[in-house]
Amino acid sequence: MTKALVNKKNKENISKKILNIFKKKGFNFIDLDIVIDTDLLAQRSGEAFKKYALNFKDKSGKEISLRPDLTIATAIQYIQRKKKGTEKLSYFGSAFRLNKKGDLKVFDQIGCEIINSKSSPEYLILSTVLSVFNKFKKKQIILNHIGLFDNLINSLNLPERWKLRLIRHYSRKEYFEELLNRLDTNYDLDNEKIKIDYNRLGVLKKLDADKIIGGRKVAEIIERFEKKIKDPRDNFNGSRSVKIIKDFLKLKVPLKKSADIIKKFVEKNDLKIKNLNHVLLKLNNLNKKLGTKQDVIFDAKFGRETQYYTGLAFSICKQSIELARGGEYNNLIKTLGGKQSPAFGAAINLNQLI
Amino acid sequence: MNKIKIGLPSKGRLKDESIKLFSSKGLNIQNTNSRNYFFSFEENSNFDGIFLHAREIIERINDKTLDVGISGLDLLMELPDEYQNNVKILKKLNFGFADLVVAVPNDWLDVQNIADLEEVSFEFKEKYNRRMRVATKYPKLTEDFLLSRGVTEFKLVGSLGATESYPFTGSAELVSDITSTGSTLKENNLRIISDGKILKSSACLLVSKSFNIKSLSLFK
């Protein structure tokens, strides 16, 4: 047999075994669509995703993409199935992504997802995926809570516009750094421009408030303008906030110590973070459930590049190789056109297992 | 010795300025009539010339059927990156100046810079459940520019002309367009946002990468 054929057989055998594990844990297998409506994806992730998805046009000119991600494909199918109540789903297939050079990379994945669960699904997902790797020694779990970052930003003394900007662009590492630099130097202040804008406000106020200009109502333009000039753009301490953000993102500690260290960090910087106790409780609970045998690290930077994660996110690694990755994505289904539904899932990277 | 195959723009100011440039180097176009695409230089028989659309000139240099040509930097940069492996900019010329810019309706007084546009695009999506549309003849340059500035919530609308009208016909909310003086944008109630310059363009002397530049000594 050729090496490729051996690999294929191995992949099939391993897949069967993993899917059986998932089945025993109550996950139902679904077959996912290989092609996704590009517009639907762009509606969720913006135009940026097109850079790493393989896009085509069908005969009618409609743009379609090879699925770049199986969680998104699962969420789309969940919406199409129109089922109510908790769904425990598993899948197996390839995700197609372009790297920075534009070369196509194919990722074979097996995953499981819990959608619309009333109880906390994180431990069930984590323990299910971990059971696949029972025989693996020296594996490490890296864990983070993306929602904690959002709440940290919201606790800072910054204009609302800046908070939104930092949260929106958290997943885009390079641009996020650029934003921090701008915040540090107050780059976007331009009082001269504000003065000119303000002079023109009177003209706009005389127009019909419902008049549409370039797709936006006059009232909407005036409202945003007034909000913008009231923002304390030049009297907030950008440098202090930047330091807090940078220091927070450096936190990388064993999970068992993470709650205490985060608490101390918050106290030291005199922050009032919403839902902090809830997040710390989650981290402590996971620590207890996972036990002392696992090597678990809390890393405040982990998982940020996956745009749809909203809460806990984790990765299972052996040495530097990532075997599986998962997380909470409570807004994904809504942004794809479904109802707001809590969801948590993970995918095993089959290519790395082979 | 093989003749140098040269392409010049077939119409407009780019054509006139290109002809003037060669004349200033002592090379006058010899062309039997205005409908004839082919030309030569009275003083130098080493050239085989053809008048083509400025975009076509880049395509032909890319596939090596032309050695040299004059075209716009904007047109070259809009093509896939691979073109820049085959088409080399020998010299930026002193004509055909134009900027590719992002412009919004003049009455959007809350949008002065890209940071404002980024915010408005998110708000627009939340409010109307669709992305802001940007009408343009330059989808690649516009997309790269907006993404690099953090504006991700937009949709490009291809335009073949009269791009400035799109925000007022309901076909787009804003535009990115090429402008030399900004007067057409102004006349159509559009305003260039302060940090919205995508590209500063001019006419360029382009050569095929495999072409021996030494044989084009008159442009040194």
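## Strand pairing in chain A

A:Gly111 stands opposite A:Ala347, a residue of strand S14 of chain A. This pair belongs to a predicted model. S14(A) covers residues 343-349 and runs antiparallel to S6(A), to which 7 bridges join it.

S6(A), residues 104-115, also pairs with strand S5 of chain A, residues 87-98; the sense is again antiparallel, and the pairing extends over 12 bridges. Within this pairing, A:Phe92 has A:Ile110 of S6(A) as its bridge partner. S5(A) and S6(A) form a hairpin with 5 residues between the strands, and in this hairpin A:Gly102 adopts a positive phi near 95°. As a general point, strands of a sheet pair through backbone hydrogen bonds, in either a parallel or an antiparallel arrangement.

## Overall build of chain B

Chain B contains 8 helices and 12 strands. Its C-alpha atoms fill a box of roughly 65 × 35 × 25 Å along the principal axes. The chain has 220 residues, of which 40% count as buried. When contacts between residues at least 6 apart in sequence are considered, 68% of those in chain B join residues at least 24 apart.

## Domains of chain B

The domain assignment divides chain B into domain 1, made of 4-96 + 202-219, and domain 2, made of 98-201. The centres of the two domains, taken over C-alpha atoms, are separated by 31 Å.

Contact between the domains involves 7 residues of domain 1 of chain B and 8 residues of domain 2 of chain B. On the domain 1 side, helix H3 of chain B (residues 73-78) gives the most, with 4 residues. That side of domain 1 comprises 2 nonpolar, 3 polar and 2 charged residues.

## The five-stranded sheet of chain B

An open sheet of 5 strands in chain B follows the order S9-S8-S10-S7-S11, with mixed pairing. S9 and S11 (190-201) of chain B stand at the edges with a single partner strand each, so one side of each is left without a neighbour in the sheet. From one strand to the next, the twist averages 25°.

Inside this order, strand S8 of chain B (residues 132-136) and strand S10 of chain B (residues 174-179) pair in the parallel sense over 3 bridges. B:Thr136 has B:Ser176 of S10(B) as its bridge partner. Helix H6(B) packs on the sheet and touches S7, S8, S9, S10 and S11 of chain B, while the direction of H6(B) makes about 165° with that of S9(B).

## The interface between chains A and B

At the interface, 24 residues of chain B are in contact with 24 residues of chain A. Four elements of chain B each supply at least two residues of the side that touches chain A: strand S7 (98-105), helix H5 (114-128), helix H6 (139-148) and strand S9 (154-158). H5(B) accounts for the largest share of this side, with 5 residues. By residue class, the side of chain B that touches chain A divides into 11 nonpolar, 4 polar and 9 charged residues.

Some of these elements also take part in the sheet described above. S7 and S9 of chain B are strands of the open sheet, and H6(B) packs on that sheet; S7, S9 and H6 of chain B are also among the elements that each supply at least two residues to the side touching chain A.

Note on methods. Residues are numbered from 1 along each chain as its sequence is written. Chains are lettered from A and ligands numbered from 1 in the order in which they are written. This is a predicted model: local features need pLDDT of at least 70, side-chain atom pairs count only at pLDDT 80 or more; totals for chains, interfaces and linings use all residues. A residue is buried if 20 or more other C-beta atoms lie within 10 Å of its own, exposed if 12 or fewer, and partly exposed in between; C-beta atoms are placed from the backbone. Two residues are in contact if their C-beta atoms, placed from the backbone, lie within 7 Å. Ala, Val, Leu, Ile, Met, Phe, Trp, Tyr, Cys and Pro count as nonpolar, Asp, Glu, Lys and Arg as charged, and the others, Gly among them, as polar. Two strands pair if DSSP finds at least two bridges between them. Domain bounds come from an automatic or database domain assignment. Axes are lines fitted to C-alpha atoms, for helices over the stretch in contact, and angles run from 0 to 180 degrees between N-to-C directions.
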